[in-house]
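Here is a short tour for a newcomer. Keep the sequence and the structure side by side while reading.

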Amino acid sequence: RVAKVAADPATAPEDVSDALEIIRAAGRRITNYGQDFLPPLIYGLLDPDRMPPGPEAISSSDTFYSSIACAFRALTLFKDIVDESLLRKIGLDFWPRIWIWMQLMDSHDFFPELTSDLCPRFLLLEITGHFLRGEATNQVVQSTTGFGVFIAHAWVDVVSFCERNIDTATGPRIFPVKAVLYLALSPFFAFSHHHTESFEEILHGLGSMANLATLLIRYISLLTRDSESMTITESQRGLLVKFLVDVLAFISANDNALWNSLAHAKYLKFITTLTIKLAKRALQPGEPAELHCVLLFSLEHLLWVTRQGSEWVAKALQAGLLTALSLCIRLDVNGGLLLAAVTLIFRTVAQATLHYSSLRALGSTCPKFFAFETEHSGIFTALSDSVRVEWTRFVVIVQERLQILSRFRATEVSSIRSCYNSECDVLRVQRRELRRCGACKLAYYYCSSECQKLSWKSYNHRAVCAGTYGPADDRDTRFHYFAILSDYQKHRADVLQQKLAYIHRTGNLDFCVVLQYVDGQCTTHVVPRDSFKSVIEKHPAAHILTVPSVEMHVVDFIESEFESETRIALALRRSTSAVNEGLCFLACGIPPRADLSSMEVTQEIKRLSEIEIVETYDGDANI
């Protein structure tokens with residue numbers, strides 16, 4: 001009888017609201033109450049014809065607000081009675097009417113006092129969650145114009161509310177509030193990559209990609225904190241971990257614009273800390289198995305960030321990247337997906353050891369990491385052969401580069417110096433054997449006039465001398481080349497052997513040496529110059545590379561798993577070119593089919609590899 005009164009168009013709006021409240025109070029005491037007669041009532045009350053003319057015309061009138069209140073009560077009733085079976089029957093018919101009223105309420109923020117400190121968006125979000133979880137209704141809801149804007153508004157409201165109540169936010173009183181948010185957003189995240197318009201609308205509702213990045217970090221923080229709460233059940237804990245998987249997968253599925261905004265929002269430190277925290281939890285008994293899936297996504301995010309450059313690798317290392325990796329190794333001894341992700345990060349970090357900032361960060365964090373092999377010998381022994389090989393490879397590369405870093409630092413604080421031309425292989429000589437630039441009088445020391453000319457063309461020395469470019473700290477650049485040339489000197493005998501074979505085979509010097517870094521590990525090759533002609537021509541000093549005192553090299557950086565390749569040209573000065581004369585002389589004396597690895601040839605190559613040319617000067621003349 002009350003429902004008939006409420007459905008009567010002649011009933012005043014305030015009386016309709018009272019009638020609906022009576023029905024809702026009765027429904028709290030009776031299971032499955034009203035599923036037969038309430039849907040037609042709610043459908044009728046949400047008729048667009050009942051909608052007020054518009055807030056700009058009569059927003060101050062009681063009739064306007066009473067109409068909104070009636071719709072709000074009707075939506076509340078719908079939320080109380082809806083379940084999966086009912087949604088399958090009536091969801092597609094109800095959604096257009098519900099959405100019209102949702103848009104009106106969302107756009108004007110009516111009656112915030114009606115929902116216990118939350119605006120009506122909380123109720124609307126709860127209803128939305130039901131539709132998003134329905135197989136028959138999800139696609140219709142996601143493709144609704146303006147839906148993403150509503151999600152953005154509700155998302156911000158509920159997250160802000162939970163943060164304001166942080167002291168009680170993990171308790172049973174507030175958890176249902178956040179559960180509504182999680183239940184609504186989880187399917188949205190899961191399916192939003194199929195509906196790019198929804199994502200664009202979220203950006204519109206939040207104002208910018210940077211705001212979305214910040215909100216994602218706040219939301220993940222809430223989820224993580226709640227999943228650690230002692231006041232929730234194990235089933236709730238497992239559900240929250242699943243929600244974490246959904247939001248991390250949502251981030252993974254988006255483009256570089258979101259990733260870049262996350263990076264600027266200090267996501268790197270956040271996700272590293274999160275990985276460590278979750279890995280420690282996963283090592284405890286009784287934690288949800290889904291934590292491994294969360295960790296897999298977090299490692300994927302760490303891999304993406306570290307691949308953006310050496311400065312990001314350095315930041316990740318400072319945030320505890322190696323700790324996170326060692327914990328994941330302990331979790332996934334049998335060689336699953338976690339170890340596969342760890343291996344890729346190993347390779348990315350190894351490639352970054354050619355840069356000063358990354359290697360300096362490694363130097364302060366790796367001792368404890370290297371101790372893993374002895375502290376957890378049982379776990380290390382249980383690792384697969386391929387993982388142990390990757391581990392050993394990573395450790396060897398890092399230790400070698402740390403030794404190079406030590407030598408590089410010594411050239412800055414002692415009488416030992418390297419030529420300031422970054423492409424010169426004179427790396428460790430007494431400072432008195434070098435000469436300072438006579439124009440700028442700064443600490444620019446060169447071993448030869450050729451090196452000064454190359455530096456003048458390639459490294460802004462012209463601008464420094466002119467006073468238009470200050471002596472900026474180019475330590476990272478200088479170390480980058482110092483590390484490459486140190487690797488070159490390590491492989492110098494092999495390079496000379498390869499040069500000799502090329503000269504002996506072809507009879508000419510038209511070659512270039514390729515230093516190939518595959519995931520941080522250096523190998524050398526001698527190939528025809530034309531193979532890298534386009535790379536060589538891009539060198540700033542390409543027009544003087546034909547002079548006898550300079551020899552062209554190419555450095556090839558390769559990330560094997562990502563099929564990524566970067567090439568730079570390197571003009572090495574006199575000492576390598578002068579050695580070529582000795583190689584030519586040696587090649588002329590070797591019969592066509594002779595063994596180039598004989599003892600006599602090997603000894604001569606060893607002698608040539610030790611040659612280093614530095615100009616001598618009379619007095620203390622500047623270059």
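Which residue of β7 does Q516 stand opposite? Q516 faces D556. The model is predicted, and this report starts from that strand.

**The strand β7 and its partners**

Strand β7 covers residues 551–559. Nine of its nine residues are buried, so the strand is mostly covered. E551, H553, V555, F557 and E559 point one way from β7. M552, V554, D556 and I558 point the other way. Residues on both faces are buried.

β7 pairs with strand β5 (residues 511–518) through six bridges, and the two run parallel. β7 also pairs with strand β8 (residues 564–572), here through nine bridges and in an antiparallel manner. In that second pairing, H553 stands opposite L570 of β8.

**The whole protein**

Now step back to the full chain. The protein has 30 helices and eight strands. It holds 623 residues, and 52% of them count as buried. About 28,300 Å² is exposed, with carbon and sulfur atoms supplying 52% of that area. Among contacts with a separation of 6 or more, 72% come from residues 24 or more positions apart.

**Two helices**

Helix α9 spans residues 147–164, which makes 18 residues. From its first C-alpha to its last it reaches 26 Å, close to the 26 Å expected at 1.5 Å a residue. How many of the 18 residues of α9 are buried? The count is 13, so α9 is largely enclosed by the rest of the structure.

Helix α26 has 16 residues, from 475 to 490. Its end C-alpha atoms are 22 Å apart. At 1.5 Å a residue the helix should span 22 Å, which agrees. The buried residues of α26 include R478, F479, H480, Y481 and F482. D487 and Y488 are also among them. In general, an α-helix has 3.6 residues a turn, so residues three or four places apart point the same way.

**Aromatic pairs**

A search of the whole structure finds 23 aromatic pairs. Two of them are listed here.

| Pair | Geometry | Centre to centre | Angle between planes |
|---|---|---|---|
| F346 and F369 | edge-to-face | 5.9 Å | 70 degrees |
| F408 and F479 | edge-to-face | 5.3 Å | 75 degrees |

F346 lies in helix α19 (residues 337–352) and F369 in helix α20 (residues 356–370). The pair links distant parts of the chain, 23 residues apart. F346 is buried, with a relative accessible area of 3%. F369 is buried too, at 4%.

The other pair brings α26 back into view. F408 and F479 sit edge-to-face. F408 lies in helix α23 (residues 385–413) and F479 in helix α26, so the pair ties together parts that are 71 residues apart in sequence. Both F408 and F479 are buried.

There is also an aromatic cluster. Y43, F78, F94, W95, W99, F131, F147 and F150 form it.

**Cysteines**

A disulfide is a covalent bond between the sulfur atoms of two cysteines. How many disulfides does a search of the whole structure find? The search finds zero. Is C328 buried or exposed? C328 is buried, with a relative accessible area of 0%. C293 is partly exposed, with a relative accessible area of 32%.

Notes. Residues numbered from 1 in each chain as written. Predicted model: local features only at pLDDT ≥ 70, side-chain atom pairs only at ≥ 80, totals over all residues. Heavy atoms only, no water. Helix = DSSP H or I, 4+ residues; strand = E, 2+ residues; numbered from the N terminus. Buried < 20%, exposed > 50% of the residue type's maximum accessible area, 1.4 Å probe, protein only. Contact = heavy atoms within 4.5 Å. Areas by Shrake-Rupley, 256 points an atom, 1.4 Å probe, with all protein chains shown as cover. Expected span 1.5 Å × (residues − 1). Disulfide = S-S within 2.5 Å. Pairing = 2+ DSSP bridges. Phe/Tyr/Trp six-rings, centres within 6.5 Å; stacked < 30°, edge-to-face > 60°.
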